[in-house]
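Open the structure in a viewer and keep the sequence panel beside it. The tour goes from selection to selection, with a short note at each stop.

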Amino acid sequence: MIFKVFKKQELARLYELLAVNVIVGPVSRGNDRNGNPLYDFDVVYDFDELALDYTQTVHSPKRFVLPYHETLATFTTSPGGWEKHVDLNVYRPLVFFGMHACDINALNKLDLVLAQSTYPNPYYMGKRKNLFIIGIDCTPEPQCFCRSMGTDSAIHGFDLFLTDLGGKYFTEILTATAFDLLSEIKCTDPSSKELALYKHTAKEKSKRYTATVDTSDLTKILDLEFESKAWDAWGDKCLSCGTCANVCPTCYCYGVEEHVDLDLQHASKTKFLHSCNLIDFAKVAGGHNFRPTSASRLKYRYYHKHRGFVEAFEESLCVGCGRCGTACLADITPPEVIASVRGKE
Amino acid sequence: MSEPLSYLGVPLARPKVGFFELSSCEGCQLQLLNNEATLLDFLNLVEIVNFREGMTERGDTYDIAFVEGSVTRKDEITRLTEIRKNAKILVALGSCACFGGVNQLKNRFRDLDWVKKEVYGDFPIETMEVHPLKDFVQVDLEIFGCPIKKEEVERIVTDLVVGKAVHHPEYPVCMECKANENICLFELGEPCLGPVTRAGCDSWCTSNRRGCWGCRGPAEGANLKRLEEIMHTYGFDREIILDRLECFGGFASFTQAAPTQDKKSPARRKKS
């Protein structure tokens with residue numbers, strides 16, 4: 001790893017150098033009913049649109065690599081058969097300007113399933129490989145439990161990572177592309193004072209975490225508490241609306257639909273992200289539903305995140321961003337659910 | 001008529017289709033006619049023999065009858081029974097046909113004679129309590145929405161013609177709303193029935209920053225009890241949720257369980 005320091009005003013120059021590409025970053029989305037600012041990721045056209053001091057975005061950056069709806073193939077049909085057209089929907093590289101560590105780690109986790117598994121997903125790979133990611137440090141918010149999940153700092157999966165030192169950015173450089181890019185702006189090696197300041201910033205940040213999840217022996221505890229009454233209580237609250245999965249940066253479950261066009265000469269195959277909380281998620285041909293109750297579906301989501309995935313990949317599928325709990329109208333949050341299953345109220 | 005229909009070389013029957021309306025605004029049928037970009041393809045897929053809003057000719061031989069509107073008069077029962085007799089498949093088109101729709105709002109009043117007087121004054125017409133089609137005849141397929149979503153009807157008709165099963169989403173509007181990257185309207189201070197209403201509209205209203213009024217009726221397993229608590233937490237009183245739940249009649253089974261004092265009396269209505 002190479003570390004550099006540059007003055008804050010150099011960041012606009014960095015933006016200009018990258019602006020030949022499509023740039024995605026955090027932007028303001030107005031205020032909520034209590035006057036708190038809202039943010040989301042979107043394509044930006046000007047450096048000033050970026051809200052780099054953003055609090056957590058409502059939605060995750062997932063849709064840029066894993067769209068909610070994606071056409072996998074289109075078909076032209078004729079009396080003799082059909083012709084299939086496949087488009088991976090990758091048209092140009094994407095620059096992510098300002099991604100928090102949790103979201104970088106979320107992409108790394110998606111890679112485990114969608115890029116590094118036996119059958120890599122070409123639609124995902126095409127988009128993922130064409131990302132240039134500039135990470136940025138954050139201030140822990142009340143819903144953040146990333147430290148418990150070990151995802152509060154990103155070790156890989158980005159090109160550059162910026163930490164705000166006041167008037168300057170402390171920069172971690174991970175890739176050759178990023179190194180070449182930084183040679184175009186004025187940077188210096190970190191002085192011992194700047195290094196001390198960086199360490200101090202990290203220390204201050206770690207004091208700010210308030211939400212925690214006890215992950216010790218969690219896979220075993222989930223196994224033991226399969227029949228726990230706690231699941232029924234949460235199931236009773238759950239709206240089965242799928243909001244948690246849609247705002248989650250790592251939920252990747254999906255369904256596929258085939259559709260014949262009105263002219264009967266064209267057809268398409270579309271993938272859409274689904275959620276294991278939805279009532280028809282485990283419904284199979286013939287109408288049988290393996291998980292007809294809200295409690296069984298909610299439990300399934302926690303088992304996938306905190307048990308099944310851990311057994312398969314030795315890490316959780318949750319990055320502790322807390323978006324699901326924030327977005328949930330029924331106030332179902334992972335720290336509370338896991339604590340109740342553990343028997344701690 | 002045009003060439004015989006076929007898909008992948010397999011010949012398909014071009015169904016004879018009739019569109020009918022009972023008490024309604026006929027807006028659902030208008031939605032179909034409005035879709036100029038695909039209208040010709042739609043007309044090629046079916047043979048329309050009856051469509052008062054779109055053509056002069058009338059025919060009583062049809063395979064599929066799309067019936068818009070709710071039953072509010074006795075003669076409509078006779079007409080509906082006749083349509084049922086003629087059709088192989090009867091489709092309830094839109095929320096009026098499925099649940100009674102906006103028309104059934106009058107069922108909220110205890111005294112229907114008072115309602116009639118308020119609306120028609122000295123020129124009364126014969127009208128009764130509002131009913132969905134299924135109260136009188138067998139309905140084979142329901143297409144929800146006020147109005148219906150034309151893309152959805154086109155998909156359903158295509159599925160019927162090529163012989164695919166017709167599926168409605170069972171989950172609530174929230175799923176589509178979040179996939180459209182909307183910020184939850186509750187967070188913006190507006191009430192919404194999205195968490196309990198059947199999806200399929202592609203979050204039409206909420207994507208335009210209007211809270212859902214539940215025109216498509218309840219999602220499967222809708223958690224009304226929890227939504228009422230959430231409405232309360234967000235500072236919306238019971239009247240607000242009831243107004244929405246009762247608007248299209250889809251939630252009748254939930255609202256009828258409500259205490260009778262919630263049913264508006266004419267006197268109370270006059271005061272407001």
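Begin with Glu26(B), which sits in the loop between β3 (16-21) and α1 (27-34) of chain B. The model you are looking at is predicted. Glu26(B) has 16 C-beta neighbours inside 10 Å, so it counts as partly exposed. Check its backbone as well: phi of Glu26(B) is near 65°, a positive value in a residue other than glycine. Most residues other than glycine have a negative phi, and most peptide bonds are trans.

Next, select Arg209(B). It belongs to the loop between α7 and α8 of chain B. Here too phi is positive in a residue other than glycine, near 60°. Is Arg209(B) buried or exposed? Arg209(B) counts as exposed because it has 11 C-beta neighbours inside 10 Å.

Now select Cys146(B) and Pro147(B) together. The peptide bond that leads from Cys146(B) to Pro147(B) is cis, with omega near -5°. Pro147(B) is part of the loop between β7 and α6 of chain B.

Move to Asp122(B), in the loop between α5 (112-120) and β7 (141-143) of chain B. Asp122(B) is exposed, because 5 other C-beta atoms lie within 10 Å. Add Glu228(B) to the selection and draw a distance between the two C-alpha atoms: Asp122(B) and Glu228(B) are 41 Å apart in space and 106 residues apart in sequence.

**The domains of chain B**

Colour chain B by its domain assignment, with domain 1 at 5-162 and domain 2 at 174-271. The centres of domain 1 of chain B and domain 2 of chain B, taken over C-alpha atoms, are separated by 25 Å. Where they touch, 18 residues come from domain 1 of chain B and 17 residues from domain 2 of chain B. Which helix gives the largest share of the domain 1 side? It is helix α4 (residues 95-99) of chain B, with three residues. On that side of domain 1 of chain B, the residues touching domain 2 of chain B divide into eight nonpolar, five polar and five charged.

Then colour chain B by confidence. The average pLDDT of chain B is 90, and 93% of the residues score at least 70. Select residues 265-272 of chain B, where the pLDDT is below 50; this stretch has five contacts in the model beyond near neighbours in sequence. For the model, the scores are ipTM 0.93 and pTM 0.92.

**Between the chains**

Show both chains. How many residues of chain B are in contact with chain A? There are 34 residues of chain B in contact with 36 residues of chain A. To see the chain B side, select β1 (5-7), α2 (36-45), α6 (150-162), α7 (174-179) and α8 (224-233) of chain B, the elements that give two or more residues to it. The residues on the side of chain B that touches chain A comprise 18 nonpolar, seven polar and nine charged.

**The domains of chain A**

Hide chain B and colour chain A by domain: domain 1 covers 1-66 + 91-208, and domain 2 covers 213-345. The C-alpha centres of domain 1 of chain A and domain 2 of chain A are 27 Å apart. Their contact takes 23 residues from domain 1 of chain A and 21 residues from domain 2 of chain A. On the domain 1 side, select α2 (101-114) and α4 (146-149) of chain A, which give two or more residues to it. The largest share of that side, nine residues, comes from α2(A). By type, the residues on the side of domain 1 of chain A that touches domain 2 of chain A are 13 nonpolar, seven polar and three charged.

**A kinked helix in chain A**

Select helix α10 (residues 294-313) of chain A. Its 20 residues reach 27 Å from first C-alpha to last, close to the 28 Å expected at 1.5 Å a residue. Centre the view on His304(A), where α10(A) has a kink of about 45°. The buried residues of α10(A) include Leu298(A), Tyr302(A) and Phe309(A). Among the elements covering the buried residues of α10(A) are α7 (218-224), α8 (229-237) and α12 (334-342) of chain A. Just after α10(A), stop at Glu314(A), which has a positive phi of about 60°.

End at Thr333(A), in the loop between α11 (323-327) and α12 of chain A. Thr333(A) counts as partly exposed, because it has 19 C-beta neighbours inside 10 Å. From C-alpha to C-alpha, Thr333(A) and Gly322(A) are 7.3 Å apart in space and 11 residues apart in sequence.

Conventions: Residues numbered from 1 in each chain as written. Chains lettered and ligands numbered in written order. Predicted model: local features only at pLDDT ≥ 70, side-chain atom pairs only at ≥ 80, totals over all residues. Contact = placed C-beta atoms within 7 Å. Helix = DSSP H or I, 4+ residues; strand = E, 2+ residues; numbered from the N terminus. Nonpolar A, V, L, I, M, F, W, Y, C, P; charged D, E, K, R; others polar. Domains from an automatic or database assignment. Expected span 1.5 Å × (residues − 1). Bend = angle between axes of the 7 residues up to and from the residue. Buried ≥ 20, exposed ≤ 12 C-beta atoms within 10 Å, placed from the backbone. pLDDT = per-residue confidence, 0-100.
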